[in-house]
Amino acid sequence: MKNLQSLERLVLVKYQKDQAIIPNESTFFGYWDVNRSAIQLEETNLWKQDRLGLRAMNENGQLIFIVCPEAEHLEMNERWFATDIIYRYLV
């Protein structure tokens, strides 16, 4: 937990049409339940009990969730990546 919280930011990128990461919710630490219904991160004990410190990081502005629209796994426009991720959050 301390290792994650030592990061200035953790930027998680989910590709809206990703078919390589199943379930797609796992990109943001979500998963499927036994009925294959999507469980979002905020609904998990991992979040509620802050087991990894993600909730604290979110409250401190260190946790960034980005959805890459209309893209499949790792198919992103380089300009979008530079503008919306690198220059906005990492530089």
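Let's start with E42, which is partly exposed, with a relative accessible area of 43%. This residue is found in the loop between β3, residues 38-39, and α2, residues 45-48. Leaving out residues up to four places away in sequence, E42 touches W47 and K48. For a sense of distance, E42 and T27 are 15 residues apart in sequence, and their C-alpha atoms are 13 Å apart in space. Please keep in mind throughout that this is a predicted model.

Now let me step back to the whole protein. We have four helices and four strands here. Reading from the N terminus, the order is α-β-β-β-α-α-β-α. Along the principal axes, the C-alpha atoms fill a box of roughly 35 × 35 × 15 Å. The protein has 91 residues, and 34% of them count as buried. If you take the contacts with a separation of 6 or more, 51% of them come from residues 24 or more positions apart. As for the surface, about 6300 Å² is exposed, and carbon and sulfur atoms supply 48% of that.

Let's go inside. In soluble globular proteins, nonpolar side chains tend to be buried together. So what makes up the largest nonpolar core here? There are nine residues in all: V13, Y15, I64, I66, C68, A71, W80, I85 and Y89. Three elements give two or more residues each to this core, namely β1 at 10-15, β4 at 63-68 and α4 at 78-90. There is also a second, separate core of eight residues, and among them are L10, L41, W47 and L63.

You'll have noticed β1 in that list, and this strand deserves a closer look. Five of the six residues in β1 are buried, so the strand is mostly covered. Its partner is β4: the two strands run parallel, joined by six bridges. If you want a place to put your cursor, try V11, which stands opposite I64 in β4. While we look at this pair, remember that in a regular strand the side chains alternate between the two faces of the sheet.

At the end of β1 in the numbering I've just given, 10-15, we come to Y15. Which residues is Y15 in contact with, once its neighbours within four places in sequence are set aside? The answer is N24, C68, A71, E72, H73, L74, E75 and M76. Two of those names, C68 and A71, should be familiar from the largest core.

Next, a residue I enjoyed clicking on: L54, in helix α3. Is L54 buried or exposed? L54 is buried, with a relative accessible area of just 2%. Not counting residues up to four places away in sequence, L54 touches L4, L10, F29, L41, L46, W47 and L63. You've met L10, L41, W47 and L63 already, as members of the second core. L54 also gives us a nice long-range pair: L54 and Q5 are 49 residues apart in sequence, yet their C-alpha atoms are 7.8 Å apart.

On to charges. Side chains of opposite charge can pair when their charged atoms come close. How many salt bridges does the count come to? The count is two.

One is between R55 and E59, where the closest N and O atoms are 3.7 Å apart. These residues sit four apart in helix α3, residues 54-59, so about one helical turn separates them. R55 is partly exposed at 27% relative accessibility, whereas E59 is exposed at 61%.

The other salt bridge joins the side chains of R88 and D84, at 4.0 Å from N to O. Here again the partners are four residues apart, this time in helix α4, and so separated by about one helical turn. R88 is exposed, with a relative accessible area of 52%, while D84 counts as partly exposed at 22%.

Let me finish at the C-terminal side of α4. V91 is found in the segment after that helix. At 74% relative accessibility, V91 counts as exposed, because exposed here means over 50%. Together with Y87 and L90, V91 makes a nonpolar surface patch of about 390 Å².

So, if you'd like a short tour on your own screen, take these stops:

- Y15, with its contacts to C68 and A71, among others.
- L54, buried in helix α3.
- V91, exposed in the segment after α4.

Thanks, everyone, and I'm happy to take questions!

Key:
Residues numbered from 1 in each chain as written. Predicted model: local features only at pLDDT ≥ 70, side-chain atom pairs only at ≥ 80, totals over all residues. Heavy atoms only, no water. Core = buried A, V, L, I, M, F, W, Y, C linked by side-chain atoms within 4.5 Å. Buried < 20%, exposed > 50% of the residue type's maximum accessible area, 1.4 Å probe, protein only. Contact = heavy atoms within 4.5 Å. Pairing = 2+ DSSP bridges. Patch = residues over 30% accessible without salt bridge, like charges linked within 9 Å, V, L, I, M, F, W, Y side chains within 5 Å. Areas by Shrake-Rupley, 256 points an atom, 1.4 Å probe, with all protein chains shown as cover.
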